[in-house]
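Work through the exercises below with the sequence and the model side by side. Try each task before reading its solution.

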Amino acid sequence: MSIGRWFKNIRFIYKLIVGYVIFAMLPMIIITGYNSQKTKNILLEESYRNMRQSMGQIGQNLDSSLEAYGTVMDILYTNQMFNGYLVKDYTNSDYWDMFSYIDNLLSSIMLVESNIAGISIYSSNTTLPSDNYYFFDEKGLDREWLKAAVTSKGNPQVAGVITKGKKNYIAVERLLNYYHYSDVRNILLLRIDGSSFNEQMEITNSSQEIYWVNSQGKIMAASDKDTVGMGMESISEDWEAIPGEGKGAELAIKGVTKVCTARKSLYGTRLIMMENQESLVEATRKVAKEIITIFMISSAAMFLAIYFYSRWISGRVNKVVYAAKKLGDGQFDYLLKDMGKDEIGMIASAINTLNTEIQLLIAENYEKKLKIKSSEMNLLQEQINPHFLYNALSVISSMAMQEGGKKTMMSVRYLANFYRISLNKGKQVVSVQEEVELLQNYMKIQMLRFEDTVEITYEVDRKALAFRTIKLLLQPLVENAIHHGRKDEEQVLHIRVTAALTRDRLIFEVKDDGLGIEAEKLILLKKELKNSEEGYGLKNVDIRVKLNYGEQYGVRIDSTYGAGTCVRVEIPQVFS
């Protein structure tokens, strides 16, 4: 027996033990022998702790400054008059009141907040004058800044750096969507003296660097002022990978390894701090390299081994899971092959056995149900045909006694047409059009008997004619209406037959203005459709509908004694 087959057939717990010993314990023993790594970790952790403490203090000061400018923006954002002026249409009106109000408002703000060098509004309001001091066309705003303001949905954002001469300004923007229903879009932009932020970035440790960047990765302020306005990718392409929480990350920057950590700040900005750790780990570098080499080799070997091992196990488990899902979905013809003799193989074998047995049970049960259903339908159909034939022959016999000629001949012809459609080569299902023709032939026979004392009208949706229904569905309902609805021989009984489509159902109604049903009889008929003289045809129709289409379909009766009866039948829409 090969090792592969032996391993395949041993119990699953032994597989795990072998895998653990070979692929987990040995690498752990190897790595444990190199305790020098602990020294490096301690030194790095201490460095990270000092960096986080220093950056936390700087971040608090920075956030305090930004909150002050955010308050200014909140004041302008919630100022209804200010926003009202900005969205107003100035096509047929002057803007001097607006300019005077906004000039006084913004001037007073800049007087209080001395670091705000300018306040601008970039607007899509084409009627708003562009004075290039306070008011600017939205098209003049940097597209990235515009996009950032719009996507922020009214939250302040640090847009970027504006350089004028040798001086840098920080641009803080916000979408003025106070009147969110307006078609006008206004962007508020504060231009803040950047020197106040750079002063907060000053640190005493020469081996450390700190950068304040916005959401687009542009440096707003830094300990190295020459980098202000540059993209953070010029410092390190991997700067976005620096985590904002936890220990931090080590990055190789221009050939120098630096430990880095980050901190989230207000308005989509981040503080990033870096420190040169080459000298810190110099003493342990040699040992660390050896540890890393051994660790990488053993880890790579362990990874490959675990990968292929878990892939093999997962493949077998997935096959069993897939077979179980097939079983749950009712697909019992899926069988698992070559699954071995361990626990997974035993489960697979049990699923295969269960599938086979279920298929046999379903086949047997299905055949029994088909036979029972077919017998019940045929029995019910056979109840209708003799009943109708008896009534029809009674009508013809009565007419033959009264007159021995044309009417009797016509009655026989109508009866023949009725059975030509009704027999339908033994089929139980006909089209709605054929069902209506059946009813019409039946009514022709009845009209010869009752003449003008029964009137019937048809309201059939033409779209419904192509759908299918069990045959002899309408005739028993109309027969029941004539038999039980006529008040006397002289008064005309009006019957209306309708066929309509709803979203997913085909609905038939037979409504008459006859005698109606007494309340007690109606309750009894609604409750169980008892096999009484009044309910014989209705009960037959109800049972056949439920047998053929399900319990959610069937017959519903509404009647008012002395005013008439309405019988409603609902079936699903079926084309074939």
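**Exercise 1.** Decide whether T269 is buried or exposed, and describe its surroundings.

*Solution.* In this predicted model, begin with the accessibility: T269 has a relative accessibility of 2%, and since buried means under 20%, T269 counts as buried. Next, place T269 along the chain, where it lies in the loop that runs between β9 (256-264) and β10 (270-276). Then look at its side chain, which makes a polar contact with the side chain of W212 at 3.0 Å. Finally, setting aside neighbours within four places in sequence, list the contacts of T269, which are L66, V158, W212, V213, N214 and K264.

**Exercise 2.** Find which residues have the most contacts inside the largest nonpolar core.

*Solution.* The largest nonpolar core has 47 residues, and those with the most contacts inside it are F82, L106, I170, L190, F197 and W212. Helix α3 (residues 36-77) supplies the largest share of this core, namely twelve residues. Another core lies apart from it and has 37 residues, among them F450, I482, L493 and Y549. To follow one residue of the largest core, take I170: beyond its neighbours within four places in sequence, the contacts of I170 include L190, F197 and W212.

**Exercise 3.** Establish where in the chain confidence is lowest and where it is highest.

*Solution.* Start from the whole chain, which averages a pLDDT of 79, with 74% of the residues scoring at least 70. Turning to individual elements, confidence is lowest in helix α10 (residues 406-423), with a mean of 59, and highest in strand β15 (residues 505-512), at 95. Over residues 531-535 the pLDDT is below 50, and this stretch has nine contacts in the model beyond near neighbours in sequence.

Notes. Residues numbered from 1 in each chain as written. Predicted model: local features only at pLDDT ≥ 70, side-chain atom pairs only at ≥ 80, totals over all residues. Heavy atoms only, no water. pLDDT = per-residue confidence, 0-100. Helix = DSSP H or I, 4+ residues; strand = E, 2+ residues; numbered from the N terminus. Contact = heavy atoms within 4.5 Å. Buried < 20%, exposed > 50% of the residue type's maximum accessible area, 1.4 Å probe, protein only. Polar contact = N/O pair within 3.5 Å; in protein donor to acceptor, adjacent residues only side chain to side chain. Core = buried A, V, L, I, M, F, W, Y, C linked by side-chain atoms within 4.5 Å.
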